[in-house]
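User: I would like to learn how to read a few local features of a protein model. Could we take them in turn, starting with a single residue?

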Amino acid sequence: MIQINSISFSFGAQILFNDFSLSTNAKCACIAGNNGVGKSTLLKLAAGILELSSGKIKASGETIYVEQECGEIPQSVFSSFWSADNEARKFYSMLGVTEEKISRWENLSGGEKKCIQIAAALAENPAALFLDEPSNHLDGENKQKIIFALKNSRAQILLVCHDREFADALCEQTIFLFRESETFDGGEDKVCAKIYNANLSGALELRGAEFSSLQNEWQDANQNSQKIKNAVERWRQESARSAGRVKKSALKKNDHDAKSKIDAARVSGKDRTAGDTQARFESLLARANERRDKTQRPLSKKSGFAFLKSDADFDSANRFGASGVPENILHFPQKILENGKRVEPFDIKRGARIAVIGKNGSGKTLLVKAILHEAQKSGRAKNVFYLPQVTDDDFRKTLCEKFDSLSDAEKGAVLSTLYRLNSNPDSLAERENIFEASPGEIRKIALAMSLCQNPPYLYILDEPTNHLDLESVLALENALENLSAALVIVSHDKVFLENVLSEDFFSISL
């Protein structure tokens, strides 16, 4: 069992965890939540890489943390791979790790490096294994190898993962981390956890149903309060009119008959009816407001892209994008890629949905570059938006320059889209420039800017979900579904492709 008891931890002046607790005895549990909420930090705290300010974390034995990136070969490989212990060596065999691959580490694909990294960790036979985004850069074959190896280990596994296919195959429990102030109206500024005894996809459904139920419950309670409030106001007005009617001072001095009627009303209590009813309704209102205020109200966000109406038109399916898009955007001729793969000719038509799939190293990015080259040759480059798999310094510099050149209205649309893509636009607005934004934020900023000037006919997205948290991936799915532009998407995320691409999409397998 992994137990986290009343921990506190801060990054400088920012309090991340404060008196935070949870426990899990699941064989494999997935940690989900927004970027910056503390998922990776929690793994590092659990593994002892970061030091707690207070509190305790307990695991039933040795723990190992496997980081997201595969920068350097794990040093333990050089002892465990050549070990006489067959129990340790079996994981290298399961994951297809050979002496030849170890010797050429620097030239391996990201997926091959990840297999070595996880094999080395499992060979240490840890009691608890903490994995940070283990499915990044993995093709389908390597995913299945790693899933098989993890299932056959003795380790209790806690992983951060946005890949629903990968997490669903492993996890029996999902832990959602969320900052209460960003999730519920009037919530405290603290990180909380909600545990669902379901895999990641199941937990998403449960969480959605839970939020919908809470929203409906709050709305019902609020409507009830409003009805009672309206009744209070009516009886307050009636009480005021009654008070005016029963004042003797308002009568003529010798109007004894009217004064007698007022005295009779007081004796019978008729003049108190309006006031007493008002008081009862005010008591009911207080209780109704209390019930409503005890009901958490989930904060909701708009989804999709924000756009300037002058820049975009709607198609027949009510999706929006550039106006005047030709029926045939680009013809790709038969071509031999740099790796020797032959690609048959195809056309990218208006509104097309194309998936590019294949193993690591099969040439998917080479095909993307070839498509971009054809766009350049045909004069269509200005109508194409390209999001590369790796956003290097040159990409960031160009993005900064484009953002600075936008008008105030265009910058407003970018910030609005960032919010809809599950980012905090205030953090961008406060920066002197966006160069230092995280890789995930850079990807979202680029996408948000794509509709501001000359909306594209075609989006080419190479692994667009890399570095995005799950909520951002879901928001991106919704945004791309509503674009009328043609989409060419390279991705190992099968669920993402199924959700974004319509039934009439076609795939290019390499």
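Analyst: This is a predicted model. Start with N422, which is buried, because its relative accessible area is 16% and the cut-off for buried is under 20%. N422 sits in the loop between α14 and α15 (425-429).

User: What is phi of N422, and what kind of residue is meant by the remark on its sign?

Analyst: Phi of N422 is near 75°, a positive value in a residue other than glycine. E463 can be read in the same manner: it has a positive phi of about 50° and is not a glycine.

User: Where does E463 lie, and is E463 buried or exposed?

Analyst: E463 belongs to the loop between β18 (458-462) and α17 (470-481). With a relative accessible area of 6%, E463 is buried.

User: Back to the loop that holds N422. Which side chains does the side chain of S423 contact?

Analyst: S423 is found in the loop between α14 and α15. Its side chain has a polar contact of 3.0 Å with the side chain of E441. The side chain of S423 also makes a polar contact with the side chain of K444, at 2.8 Å. S423 is buried, with a relative accessible area of 6%.

User: Which atom of A288 lies 3.4 Å from a polar atom of the side chain of S225?

Analyst: The backbone oxygen of A288 does. Here the partner of the S225 side chain is a backbone atom. S225 lies in helix α9 (residues 200-245) and is buried, with a relative accessible area of 2%.

User: Now to charged pairs. Why can side chains of opposite charge pair?

Analyst: They can do so when their charged atoms come close. For the cases here, the cut-off is a side-chain nitrogen of Lys or Arg within 4 Å of a carboxyl oxygen of Asp or Glu. By this rule the count comes to 17 salt bridges.

User: How far apart are the closest N and O atoms of R104 and E100?

Analyst: They are 2.3 Å apart, and the two residues form a salt bridge. R104 is partly exposed, with a relative accessible area of 30%. E100 also counts as partly exposed, at 42% relative accessibility.

User: What does the salt bridge between E477 and R164 tie together?

Analyst: The side chains of E477 and R164 meet at 2.5 Å, N to O. E477 lies in helix α17 and R164 in helix α7 (residues 164-170), so the pair ties together parts that are 313 residues apart in sequence. E477 and R164 are both buried.

User: How are K377 and E374 placed in helix α12?

Analyst: K377 and E374 are three residues apart in helix α12 (residues 364-377), a separation of about one helical turn. Their side chains meet in a salt bridge of 3.7 Å, N to O. The partners should also be read one by one for exposure: K377 counts as exposed, at 58% relative accessibility, whereas E374 is buried, with a relative accessible area of 7%.

User: Which residues are linked in a network of salt bridges?

Analyst: E141, K145 and K359 are linked in such a network.

User: Which residues gather in a patch of negative charge?

Analyst: The patch lies on the surface and is formed by E67, E69, E72 and E106. One of its members, E69, is found in the loop between β5 (63-66) and α2 (77-80). E69 is partly exposed, with a relative accessible area of 42%.

User: Last, C-alpha distances. What separates the C-alpha atoms of R420 and F305?

Analyst: These C-alpha atoms are separated by 7.1 Å, while the residues are 115 residues apart along the chain. R420 is found in helix α14 (residues 408-420). R420 is buried, with a relative accessible area of 18%.

User: How many residues apart along the chain are S135 and E165?

Analyst: They are 30 residues apart, and their C-alpha atoms are separated by 9.7 Å. S135 is found in the loop between β6 (128-132) and α6 (140-151). S135 is buried, with a relative accessible area of 6%.

Note on methods:
Residues numbered from 1 in each chain as written. Predicted model: local features only at pLDDT ≥ 70, side-chain atom pairs only at ≥ 80, totals over all residues. Heavy atoms only, no water. Patch = residues over 30% accessible without salt bridge, like charges linked within 9 Å, V, L, I, M, F, W, Y side chains within 5 Å. Areas by Shrake-Rupley, 256 points an atom, 1.4 Å probe, with all protein chains shown as cover. Lys, Arg positive; Asp, Glu negative; His and termini not counted. Charge placed at Lys NZ, Arg CZ, Asp CG, Glu CD. Helix = DSSP H or I, 4+ residues; strand = E, 2+ residues; numbered from the N terminus. Buried < 20%, exposed > 50% of the residue type's maximum accessible area, 1.4 Å probe, protein only. Polar contact = N/O pair within 3.5 Å; in protein donor to acceptor, adjacent residues only side chain to side chain.
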